[in-house]
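Biologist: I would like a close look at one part of this model. Please take me through the binding site step by step.

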Amino acid sequence: PKKVTVPDIRARKASGPPIAMVTAYDFTMARLLDEGGADMLLVGDSLGMVVQGHPTTLPVTVEEICYHGRAVARGARRAHVVGDMPFMSFQVSSMQALENAGRMMKDGAFESVKLEGGEEIAEHVRRIVAAGIPVCGHIGLTPQSVHAMGGFKVQGKGEENAARLVRDAQALDEAGAYAIVLEAIPPDLAEEITAAVSVPTIGIGAGAGCDGQVLVCYDMLGMYPDLRPRFAKRFSEVGEQIMAATRAYVDEVQARTFPGAEHSFKPNGPRRITPPA
Ligand code: KIV
Ligand code: NA
């Protein structure tokens, strides 16, 4: 399959269909999500929560994003792979942002990077884009600011906050971002922002009016019960299936019904460990 490119993603604003993005953190999951037709795989700093078990995304490092990114890239045959810039890897200065975006791209897995923030990081975005690195923006609920927001809360409430988010989106558009994630904002505001920028908006908890959607893969699959935001639709109950499968495995081990003869090798049989096709 042909890789989804940044120009392909930009073009979807006019041509559709809506962009389907999902997070991924390892090779096996990336391959399944890619086969399922996801357009973009985000190696999100959400890995701090869903992979590492931290209560926030703050501890995640550039090295960890790169490590997971290399595994994801090996499974992404068609999907565009985005690397999330972690907390304190870009906030310090445009120089720091450019250096770390460059590090992430040189590592080899990523085809673009994503940064949280609006007007205040527009200059960083401009510098990274000028170096030939495509940038995806992310405004609204920005989890790296969880302590400033007083928790994971809906953003853009009230006219002033709504107007600020429109300005943030326009600043990212003008700085050259190729897409903008809109997280946890009311659908009307998301539609207003979508109409106010030239690039696709990718919503998470931002209604169906965006140019695309994104979900954390473990939320989408019903595997992460700790935080269940309203927008995290469970398209499957894989978590239930994993627990049921584990119970069945434990039972068969204890009953000695697994492994059976069909899972065991014959003394004079072939040495290959896989059954003949
Ligand atoms: O880290 C992440 O998973 C994200 C998405 C939810 C947009 O930033
Ligand atoms: Na993130």
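Which residues are around ligand 1?

Modeller: Keep in mind that this is a predicted model. The residues around ligand 1 are Thr23, Leu42, Gly44, Asp45, Ser46, Asp84, Lys114, His138, Val181, Ile204 and Val216. Ligand 1 sits in the largest pocket.

Start with the polar contacts. Lys114 has a side-chain N or O atom 3.0 Å from an oxygen atom of ligand 1. For Asp84, a side-chain N or O atom lies 3.1 Å from a ligand 1 oxygen. Asp45 also places a polar side-chain atom 3.1 Å from an oxygen atom of ligand 1. As for cover, ligand 1 on its own has 260 Å² of accessible area, and the protein covers 95% of that.

Now the metal. Asp45 and Asp84 are the protein donors of the sodium ion, ligand 2. Each is listed with its OD atom, and the distances run from 2.2 to 2.3 Å. This pair links distant parts of the chain, 39 residues apart. Asp45 is in the loop between β2 (40–43) and α3 (47–50). Asp84 belongs to strand β3, residues 80–84.

Next, burial. Asp45 has a relative accessible area of 4%, so it counts as buried, the cut-off being under 20%. Asp84 is buried too, because its relative accessible area is 2%.

Put the two aspartates together. Asp45 is a donor of the sodium ion and has a polar side-chain atom 3.1 Å from a ligand 1 oxygen. Asp84 is likewise a sodium donor, with a side-chain N or O atom 3.1 Å from an oxygen of ligand 1.

Technical notes:
Residues numbered from 1 in each chain as written. Chains lettered and ligands numbered in written order. Predicted model: local features only at pLDDT ≥ 70, side-chain atom pairs only at ≥ 80, totals over all residues. Heavy atoms only, no water. Donors = N, O, S within 2.8 Å, 3.2 Å for Na, K, Ca; no water. Helix = DSSP H or I, 4+ residues; strand = E, 2+ residues; numbered from the N terminus. Buried < 20%, exposed > 50% of the residue type's maximum accessible area, 1.4 Å probe, protein only. Near = heavy atom within 4 Å. Polar contact = N/O pair within 3.5 Å; in protein donor to acceptor, adjacent residues only side chain to side chain. Areas by Shrake-Rupley, 256 points an atom, 1.4 Å probe, with all protein chains shown as cover. 1 Å grid on protein atoms, 1.4 Å probe; cavity = no way out; pocket = protein on both sides within 12 Å on 5 of 7 lines; lining within 4 Å. Sits in = over half its atoms within 2 Å of the grid points.
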